[in-house]
Amino acid sequence: FDASTTVEEFQSRLNQDTGMRKTGQSGFSLYSDDPTGKDLEHCLQGNLKICDIISKWEQASKEQHTGKSENARTVKLTYKNRLYFSQQMRGETERERLLLAYQTNEEITAGHFPVNKELALEMAALLAQ
C-alpha cells in the first residue's frame, strides 16, 4: 500500500491476491490492535487511509507510554471474519475456509470459544490435515 490507500482498497487487493470473495460476501475485515496494550481489536472503516491509522495508533501509543525511554510496540493488523452467517457458506472459497479454521483455533486456545472433547479432537484433526 501507499500513503493514499484506503482500508477498502487494501482489502480489495488482499482478496484479489489471495483468491477470496469481496469483503461484503466473505465477512472478513481488517482489524488493528489497541495502542494502549489492552486485549482489544478495532474494526477499521473502509474509508480510512492505512497510513493515517498507523500514524494515529503510534501517536496514541506514545501518549499512553509517556515517561518510558523506549516503546518497541508496533501496530498489529489482522484480517479476520467478523460475523459468520450460513448464507456466506455458499460460494465460500478454500482460502476463506482455511482462514476461518485458523481463526476458530485461535479463539479456542484463547478460551473465547468453549468446546467439548469431541469438538476439540475434530478441530485438531482438521488442523493436522
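Trainee: In what order do the elements of the protein chain run from the N terminus on?

Mentor: They run α-α-β-β-α-β-α-α, which comes to 5 helices and 3 strands. This is a predicted model in which residues are numbered from 1 along each chain as its sequence is written, and side-chain values use heavy atoms, with hydrogens and water left out. Local features need pLDDT of at least 70 and side-chain atom pairs count only at pLDDT 80 or more, while totals for chains, interfaces and linings use all residues.

Trainee: What makes residues 7–18 a helix, and why is it called α1?

Mentor: A helix is a DSSP run of H or I with at least four residues, a strand is a run of E with at least two, and both are numbered from the N terminus. Helix α1 has 12 residues, so it passes the cut-off for a helix.

Trainee: How do you know what span to expect for α1?

Mentor: The expected span is 1.5 Å times one less than the number of residues. For α1 the expected value is 16 Å, and the helix reaches 16 Å from its first C-alpha to its last. Helix α4 (residues 94–109) has 16 residues and reaches 23 Å, close to the 22 Å expected.

Trainee: Why is E96 called buried?

Mentor: Buried means under 20% relative accessible area, exposed means over 50%, and partly exposed lies in between, with a 1.4 Å probe and protein chains only. E96 has a relative accessible area of 1%, so it counts as buried. E96 is found in helix α4, and the other buried residues of that helix are L100, Q103 and N105. Over the protein chain, 27% of the 129 residues count as buried.

Trainee: Is A101 buried, exposed or partly exposed, and what makes it so?

Mentor: Its relative accessible area is 23%, which falls between the two cut-offs, so A101 is partly exposed.

Trainee: How do you know which residues A101 touches?

Mentor: Contact means heavy atoms within 4.5 Å. Not counting residues up to four places away in sequence, A101 touches M123 and L127. The C-alpha atoms of A101 and L127 are separated by 7.7 Å, although these residues are 26 apart along the chain. With sequence neighbours left out in the same way, E96 touches M20, R21, S26 and F28.

Trainee: What covers the buried residues of α4?

Mentor: The cover includes α2, β1, β3 and α5 (117–128).

Trainee: Which residues of α1 are buried, and what makes them line one face?

Mentor: They are V7, Q11 and N15. Seen down the helix axis they fall within an arc of 70 degrees, so they line one face of α1; the arc is that of the directions from the helix axis to the C-beta atoms. On the other side, R13, Q16 and D17 are exposed. The cover over the buried residues of α1 includes α2 (23–26), β1 (28–33), α3 (50–64) and β3 (77–81).

Trainee: What comes after α1 and after α4?

Mentor: Just after α1, G19 takes a positive phi of about 75 degrees. Helix α4 is followed by G111, with a positive phi near 85 degrees.

Trainee: How do you know how the charges are counted, and how many are there?

Mentor: Lys and Arg count as positive and Asp and Glu as negative, whereas His and the chain ends are not counted. That gives 16 positive and 19 negative side chains, with the centres of the two sets 2 Å apart. Each charge is placed at NZ of Lys, CZ of Arg, CG of Asp or CD of Glu.
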